[in-house]
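The exercises below are to be worked through with the sequence and the coordinates side by side. Each task is followed by a solution that goes step by step.

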Amino acid sequence: MQKDARFWKTSGDKKVQCHLCPHNCNIKDDGLGICGVRKNENGKLYTLIYGSCSSVAADPIEKKPLYHFYPGTNAFSLGTVGCNFKCEHCQNYSIATASPEYFYIREIMPEQAVELAREQGCQGIAWTYNEPTIWHEYSFDSAKLAKKAGLYTVYVSNGYINEEPLKDIAPFLDAMNVDVKAFNEGFYKKICKARLEPVLQTCERAKELNIHLEVTYLVIPGYNDSIDEVRQFCSWVVEKLGSSTPVHFSRFHPDYKMTNVSITPIETLLKIYNIAKETGILYPYLGNVPHGGYENTMCPSCGNLCIERYGYSISLNGIKDGKCVKCGNTIPIVTDKYKK
Ligand code: SF4
């Protein structure tokens, strides 16, 4: 539904500028922003998707993926339509490119989202599937209520959000998984129609704002899989986010406008996994690679298997009170003991 938008200013002559994400769109009367869900009507900016859900499911938190955040729990997951990126390999393009009149939309108000999360036995709410930043008015109201109700809150995001709205929601946002889609501006410009630098800034800000952060890097053959680029990315993680930040290197499957690119070879992913470890990342993971133990959390100190994952089935036998049961090393896992 339509509601007043936040984070914009008038630029005269019935024109507005939206400041929600780094596109900072200038929108003329009757026009839409790049995301397709914020509209200038008579010199005022509105969100067209307040409470409009295209996708609703109770998902394992591991699916987001978040591996160091309430392992083994379910997140009530909500998505809407639109996106501020135009990725050629988007896996959710049917909703990311859909308009607010999308046929399947179901309205779920913030109070209802909290109720449904509880009814379905979820411990938290995740805004996911498409980009939650562009849903700010709704996710902000919902996150506030969710925190009051004792639920955790999660963004699965491309990280393209300005500083002010990120700071706005930070007190009510427990965790983020941010996609760093490549470590070169050329890729962002050509494939996503966006910029890398603001994404990196969001990751650093999330850390500063005490939001639990995990990063996903989808490895696309020939686009972002060079050893140099991956090494630079890993060094940036270690230097700016810290070596304990979990990093998910995910396997690419051809989709949308990138069906001419092949699936990521396992050998490439294994090479990258080793580079990540060499560079100092303590918790690298491989996504969409079944078997081989690359989804498991190993103790960086003694090598003990702390958390075993097999698909979405989890065993926490190797960890107790946040410590490795074998050597007592602290494994940074957010659980109920952590309260925001
Ligand atoms: S949120 Fe949408 S309208 Fe606002 S700046 Fe970003 S793309 Fe443009």
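Strands, as the term is used here, are DSSP runs of E with at least two residues, numbered from the N terminus. The model is a predicted one.

**Exercise 1.** Determine which strands each supply at least two residues of the lining of the largest pocket, and describe that pocket.

Solution. Begin with the volume of the largest pocket, which is about 1,200 Å³. Of the 43 residues that line this pocket, K64, Q91, N92, V156 and D179 are the closest to its centre. Turning to the strands, at least two lining residues each come from β12 (152-157), β13 (175-179), β14 (212-219), β15 (247-251) and β16 (284-287). Sorting the lining by class then gives 17 nonpolar, 15 polar and eleven charged residues.

**Exercise 2.** Find how many cavities of 30 Å³ or more the model holds, and characterise the largest cavity.

Solution. The count comes to one cavity of 30 Å³ or more, and the space in the largest cavity is about 90 Å³. Its lining is made up of C18, L20, C21, H23, C25, G33, I34, C35, R38, N84 and I134. Classified, these residues comprise seven nonpolar, three polar and one charged.

**Exercise 3.** Identify the residues that touch the most other members of the largest nonpolar core, and follow one of them outward through its contacts.

Solution. The largest nonpolar core has 78 residues, and those touching the most other members are L78, I125, V180, Y188, F233 and F249. Helix α7 (residues 227-241) contributes the largest share of this core, namely six residues. Apart from this core lies another, of eleven residues, including F69, A75, V154 and A175. Now take F249: once its neighbours within four places in sequence are left aside, its contacts include Y217, V219, V230, F233, C234, L269 and I272, and also A276, P284, Y285, L286 and G287.

**Exercise 4.** Decide whether T268 is buried or exposed, and place it in its surroundings.

Solution. T268 belongs to helix α8 (residues 266-279). Its relative accessible area is 17%, and because buried means under 20%, T268 is buried. Beyond its neighbours within four places in sequence, T268 is in contact with V219 and D225.

**Exercise 5.** Compare the span of helix α3 with the expected value, and list its buried residues.

Solution. Helix α3 (residues 136-148) has 13 residues, and the distance from its first C-alpha to its last is 18 Å, close to the 18 Å expected at 1.5 Å a residue. Within α3, the buried residues are H136, E137, Y138, S139, F140, S142, A143 and A146. After α3 comes G150, with a positive phi near 85 degrees.

Notes
Residues are numbered from 1 along each chain as its sequence is written. This is a predicted model: local features need pLDDT of at least 70, side-chain atom pairs count only at pLDDT 80 or more; totals for chains, interfaces and linings use all residues. Side-chain values use heavy atoms; hydrogens and water are left out. A nonpolar core is a set of buried Ala, Val, Leu, Ile, Met, Phe, Trp, Tyr and Cys residues joined through side-chain atoms within 4.5 Å. Buried means under 20% relative accessible area, exposed over 50%, partly exposed in between (1.4 Å probe, protein chains only). Helices (H or I, at least four residues) and strands (E, at least two) are DSSP runs, numbered from the N terminus. Contact means heavy atoms within 4.5 Å. The expected span of a helix is 1.5 Å times one less than its number of residues. On a 1 Å grid over the protein atoms alone, a cavity is a set of points where a 1.4 Å probe fits but cannot get out, and a pocket is an open set with protein on both sides within 12 Å along at least five of seven lines; lining residues have an atom within 4 Å of a point. Grid points are joined across faces, edges and corners, and a volume is the space filled by probe spheres set on the points. Ala, Val, Leu, Ile, Met, Phe, Trp, Tyr, Cys and Pro count as nonpolar, Asp, Glu, Lys and Arg as charged, and the others, Gly among them, as polar.
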